[in-house]
Amino acid sequence: MALGIYLNIPFAVLGWIFDYPQILRESPGEILTRFNEGGIVLLVVWYAFVLAALALVPLAIMARRLSTSSLSTVSAVAGVLAGVLQAVGLLRWVFVVPLLAASYVAADATPATRETVVAVFSTLHAYAGVAIGEHLGQLATAVWLLLLSAALKKSGHIPRWQHQFAVVATSLILVGLVEGFATVQPFDPGLAGIATPAGFIALSVWMVVAGFGLTRKNEHAMQRK
């Protein structure tokens, strides 16, 4: 439940101070310049976002204990992968992009230097960001949510409507993968461009609602004892 809330805090702050994720549609030079202007505060927020992704690892492992279904075992594996993959993708903003941004805006940077920095940034963004963090990370997140929800419904821990809500969130996250392909072969992703944030907001809502329900259920079970 707490993670469902925490996930949105660094994301919201990044939108406020860095215009994320809209800024990713700008030129690499604009992104690097804006990043450098963000200073240590922006760096700390990105690291908080990394920790939010990593928090999915222990959550996925603990959620495995809620059901004896084989679905929960597979979901735990997917959840661990999702947390690690997304963290790997986000870590570039903490340890690599700051160096590239500093080189790009340096007073003595030549046009050749800036071209090299842009090429490195674009390649890093495409591979670590889009391919690993977004594509594989989102894919694993979708699998985790769908299987965990199915396992919890099967064991009677959540009602049917919560599972259906999870299916909607999963579908949005999967549709959002289309936008990643638009960075490889440029095309207009249309509504798919907003599917990812909508899907993760729905995921956060599901985590809060399901977490609250499971907590109340556990409290009632303890009281009966």
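The questions below look at a predicted model of one protein chain, beginning with the chain as a whole and ending with Ile-31.

Q: How many helices and how many strands are there in the protein chain?
A: Read along the sequence, the chain follows the pattern α-α-α-α-α-α-α-α-α-α-α, in which each α is a helix. The count for this predicted model is therefore 11 helices and 0 strands.

Q: What share of the contacts with a separation of 6 or more joins residues 24 or more positions apart?
A: The C-alpha trace of the chain spans about 70 × 35 × 25 Å along its principal axes. Among contacts with a separation of 6 or more, those between residues 24 or more positions apart account for 75%.

Q: How far apart do the centres of the positive and negative side chains lie?
A: The chain carries 13 positive and 10 negative side chains, and each of these two sets has a centre. The separation between the two centres is 27 Å.

Q: Is Ile-31 buried or exposed?
A: Ile-31 is found in helix 3, which covers residues 28–54. A residue counts as buried when its relative accessible area is under 20%. Because the relative accessible area of Ile-31 is 4%, this residue is buried.

Q: Which residues does Ile-31 touch, not counting residues up to four places away in sequence?
A: For this question, residues up to four places away from Ile-31 in sequence are not counted. The residues that Ile-31 then touches are Phe-18, Ile-23, Leu-24, Glu-26, Trp-93 and Phe-121.

Conventions
Residues are numbered from 1 along each chain as its sequence is written. This is a predicted model: local features need pLDDT of at least 70, side-chain atom pairs count only at pLDDT 80 or more; totals for chains, interfaces and linings use all residues. Side-chain values use heavy atoms; hydrogens and water are left out. Helices (H or I, at least four residues) and strands (E, at least two) are DSSP runs, numbered from the N terminus. Buried means under 20% relative accessible area, exposed over 50%, partly exposed in between (1.4 Å probe, protein chains only). Contact means heavy atoms within 4.5 Å. Lys and Arg count as positive and Asp and Glu as negative; His and the chain ends are not counted. The place of a charge is taken as NZ of Lys, CZ of Arg, CG of Asp or CD of Glu.
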